[in-house]
Each structure stands twice: as structure tokens, then as C-alpha cells.
Amino acid sequence: MNCLPWQQEQWERLCSYQEKGRLPHAILLEGPRSTGKQTFARAFANYMLCSSPRNNEPCGSCHGCQLLKAGNHPDFVDMEPEEGGKTIKVDEIRAFVTSTALTPQIAACRITLISPAEAMNSAAANSLLKTLEEPNPGNHILLVSHAPWELPATIRSRCQHLMFPLPAKQEAIEWLTAQQPDDEWPGLLDCVRGAPLKALEFQQHGLDSYREEKRRFAALLSGKANLVEVGMAWSKDETGMIANWIYHWTLDLARANESGIMQMHDRELADWLKDLIPQLDSVKLFSVLDKLSSLQQGIRSRNLNVQMQFETLALELMEAGT
Ligand SMILES: [Zn+2]
């Protein structure tokens with residue numbers, strides 16, 4: 001098990017701390033979702049628990065590697081919200097805090113993975129704090145977080161921070177193409193804000209609904225859609241994702257409006273709307289982009305009537321085209 005190509009620098013940094021015997025007790029792996037922080041954390045736990053690592057990589061075949069692969073290594077604790085649940089509860093953290101008093105059983109250290117760390121409720125975070133204040137030798141905690149600002153400052157200040165930014169687009173495309181050749185990767189990456197693991201999941205499971213919503217979007221601009229029906233469809237589920245798609249398509253149209261249809265990323269949309277694009281109202285398009293930004297904020301804080309907002313947006317799109 002290895003890290004992803006765009007995580008090489010972070011990997012080498014941790015390996016060098018480890019070689020010098022200076023690996024921090026608590027490391028906070030932070031960065032945007034779906035870039036592979038969890039993959040990295042598991043791979044690094046594997047490296048730490050391997051009895052004969054080579055060239056900074058786990059061997060994959062020793063007793064430790066085998067146990068980890070089978071999911072029952074006694075020195076690896078994996079703490080994630082229970083299936084369907086959203087929080088990591090205090091009981092789980094307490095049980096772990098008690099167990100950190102134990103010395104490693106078969107490996108040279110014990111590794112705990114808490115992911116996502118912001119899923120700890122405040123009682124759980126308080127309980128963990130004691131362990132971070134008085135770490136036990138041979139225990140390392142890897143906290144994975146997509147939203148580190150949601151963690152108490154007391155936790156953050158006791159961790160070494162390791163940042164995982166989005167990979168460069170070209171690097172992500174090369175990796176995705178190696179997973180599965182597809183000409184659509186550049187466009188798909190745009191749709192998921194550059195997160196490669198999300199793009200892969202999207203390509204495998206989400207493309208049908210993406211095309212369906214894109215058809216709705218094009219129909220609106222051509223004045224051939226029912227506003228209420230569109231508002232309902234867009235506000236049903238995955239609203240954040242749909243708002244992101246609409247942003248992506250609208251931006252593409254605004255780009256075409258400024259610099260010509262050849263500048264569009266989405267060739268299919270360009271083809272559907274080629275006759276309409278020269279007549280689009282660019283002021284309306286930019287107003288839609290503005291509204292989408294506040295809609296996305298509202299979706300995140302769950303404090304607005306999403307269906308009504310999508311209907312307003314649909315109306316504006318219709319007006320932009322007709
Ligand atoms: Zn091994």
C-alpha cells in the first residue's frame with residue numbers, strides 16, 4: 001500500500017521524522033475532501049507497523065502487513081463514525097484513551113487513525129485532549145480532517161499539521177487516466193472542483209444524473225422547461241453538487257459569450273446551445289453565478305429554502321436565454 005503520486009513530499013517528510021526518531025505523537029492531516037488523505041494515513045500506518053520496510057515503503061508480506069491487510073492488527077486502532085452515523089462518540093474515545101496506556105503488542109508502536117476528526121463531538125474531543133497533553137511513548141495518532149476549523153483550538157494546537165492541497169490538474173488527470181482511460185477527465189475534474197478521488201467515483205456512479213441535469217439546464221436556456229419542476233428536481237438531493245455543476249456550466253457559457261464557443265470545456269453543451277450562445281444575456285449569466293455562490297453558502301449552513309432558491313435561479317437562466 002502506497003501513497004498517491006501528489007503526496008510524495010508529505011510522505012518523505014514523515015519518513016524522515018520517523019528515521020530521526022522525531023515522529024510527532026499527533027499529526028493532523030488536513031486539506032480538501034477526496035484528495036486521498038485517508039489513503040495516505042492508512043498507507044503510513046502500514047509503513048509504521050511493518051517489521052521490514054524497504055525504501056520508505058511497507059514490505060507487504062511480513063506478519064504485521066498481513067494482519068493489517070486482514071483488518072486485525074492489534075496495534076492499529078481505526079476510529080471512524082459508525083455506519084450511518086455522523087459523530088465519533090465519547091465512549092469510543094474513552095475506550096481508546098484507556099487503551100493507549102497499553103504498550104504495543106507486536107509492532108514497535110501503536111497507531112490510531114481518527115477520521116474525519118471533526119466528527120468527534122465535544123465530549124469526545126475533550127477526552128482525547130488528555131491523551132494529547134500527556135502522550136504515551138510509542139503511540140501515534142493520525143487525525144484526518146476536511147474541516148480543521150471545526151476542531152477545538154486546543155486539539156489543533158497540540159498536533160503537527162500536515163497540509164494536503166489539491167493536486168495540480170495535469171497530475172490528477174495522469175493518475176485518473178492510469179486508473180481508467182477517459183477523454184472526459186479534464187471536464188469531470190472541473191465538475192468536482194479538482195478532487196481526483198471524487199472524479200473517479202463520479203465517473204463510475206454519477207454520470208447519468210450529471211447528463212440528466214445538464215439536459216435540464218440546456219432546456220431552461222432554450223425556454224423549454226417548467227420552472228417548478230426544475231426547482232424540485234434540483235433541490236431533491238445532492239444539492240451542493242448540483243449547484244456546483246450549474247456553476248460550472250454557467251461559467252462555461254459566460255466564457256463562450258466573451259471569447260467564443262471554442263473556449264468552452266463542455267463540448268456537448270457547446271453543441272446543444274451553439275445557436276443560442278451568441279444571443280445570451282451575459283449580465284444575467286453573471287448574476288446567476290453570484291446567486292450560486294450565496295446558494296452554496298446557504299446549503300452548507302442549511303438555513304434557506306433551497307427549492308425556492310433553485311426556482312429563482314432557473315427563472316434567471318431562462319431569462320438569460322430568451
Ligand atoms: Zn511488512
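Let's start with the largest pocket. Its volume is about 1,500 Å³. Keep in mind that this is a predicted model. The pocket is lined by 35 residues. Closest to its centre are R33, H146, R193, K198 and R300. If you have the structure open, find those five.

Which elements give two or more residues to this lining? They are α2, α9, α12 and α14. On the sequence, α2 covers 37–49, α12 covers 239–259 and α14 covers 282–301. The largest share comes from α12, with four residues. Now the chemistry of the wall. The lining of the largest pocket has 13 nonpolar residues, eleven polar ones and eleven charged ones.

Next, the enclosed space. A general word first. Rolling a probe the size of a water molecule over the atoms shows where empty space is left. In this model there is one cavity of 30 Å³ or more. The largest cavity has a volume of about 50 Å³. Ten residues line the largest cavity. Nearest its centre lie H25, T131, P135, N139 and I141. Two elements give two or more residues to that lining: α5, residues 122–133, and β4, residues 139–145. By class, the cavity lining has five nonpolar and five polar residues. Charged residues? There are none in the lining of the largest cavity.

That brings us to the sheet, since β4 is one of its strands. Strands of a sheet pair through backbone hydrogen bonds, either parallel or antiparallel. Which is it here, parallel or antiparallel? The pairing is parallel. Five strands form an open sheet, and the order is β2-β3-β4-β1-β5. The edges are β2, at 76–79, and β5, at 160–163, and each pairs on one side only. On average, neighbouring strands of this sheet are turned by 20° against each other, direction ignored.

Zoom in on one pair. Strand β3 takes in residues 110–114, and five bridges join β3 to β4. R110 stands opposite N139 in β4. We met N139 already, in the cavity lining.

Now the helices on the sheet. Helix α5 packs on the sheet and touches β1, β3 and β4. The direction of α5 makes about 135° with that of β4. Helix α4, residues 90–99, lies across β2, β3 and β4. Against β2, α4 runs at about 165°.

One helix pair deserves a slide. Helix α7 is residues 169–179, and helix α9 is residues 196–205. They pack at about 35°, with their axes 10 Å apart. Their crossing is right-handed. Who meets whom? From α7 come A172, W175, L176 and Q179, and from α9 come P196, L197, A199 and L200. By class, this contact has seven nonpolar residues, one polar and no charged ones. Remember that α9 also gives residues to the lining of the largest pocket.

Last, two backbone details. Most residues other than glycine have a negative phi, and most peptide bonds are trans. Where does this model depart from that? The peptide bond from S115 to P116 is cis, with omega near -10°. P116 is found in the loop between β3 and α5. Then there is N55. N55 is not a glycine, yet its phi is positive, about 45°. Look for N55 in the loop between α2 and α3, the latter at 63–69.

That's the tour. Questions, please.

How values were computed: Residues are numbered from 1 along each chain as its sequence is written. This is a predicted model: local features need pLDDT of at least 70, side-chain atom pairs count only at pLDDT 80 or more; totals for chains, interfaces and linings use all residues. Side-chain values use heavy atoms; hydrogens and water are left out. On a 1 Å grid over the protein atoms alone, a cavity is a set of points where a 1.4 Å probe fits but cannot get out, and a pocket is an open set with protein on both sides within 12 Å along at least five of seven lines; lining residues have an atom within 4 Å of a point. Grid points are joined across faces, edges and corners, and a volume is the space filled by probe spheres set on the points. Ala, Val, Leu, Ile, Met, Phe, Trp, Tyr, Cys and Pro count as nonpolar, Asp, Glu, Lys and Arg as charged, and the others, Gly among them, as polar. Two strands pair if DSSP finds at least two bridges between them. Axes are lines fitted to C-alpha atoms, for helices over the stretch in contact, and angles run from 0 to 180 degrees between N-to-C directions. Contact means heavy atoms within 4.5 Å. A crossing is left-handed if the near helix is turned anticlockwise from the far one by less than a right angle, and right-handed if clockwise.
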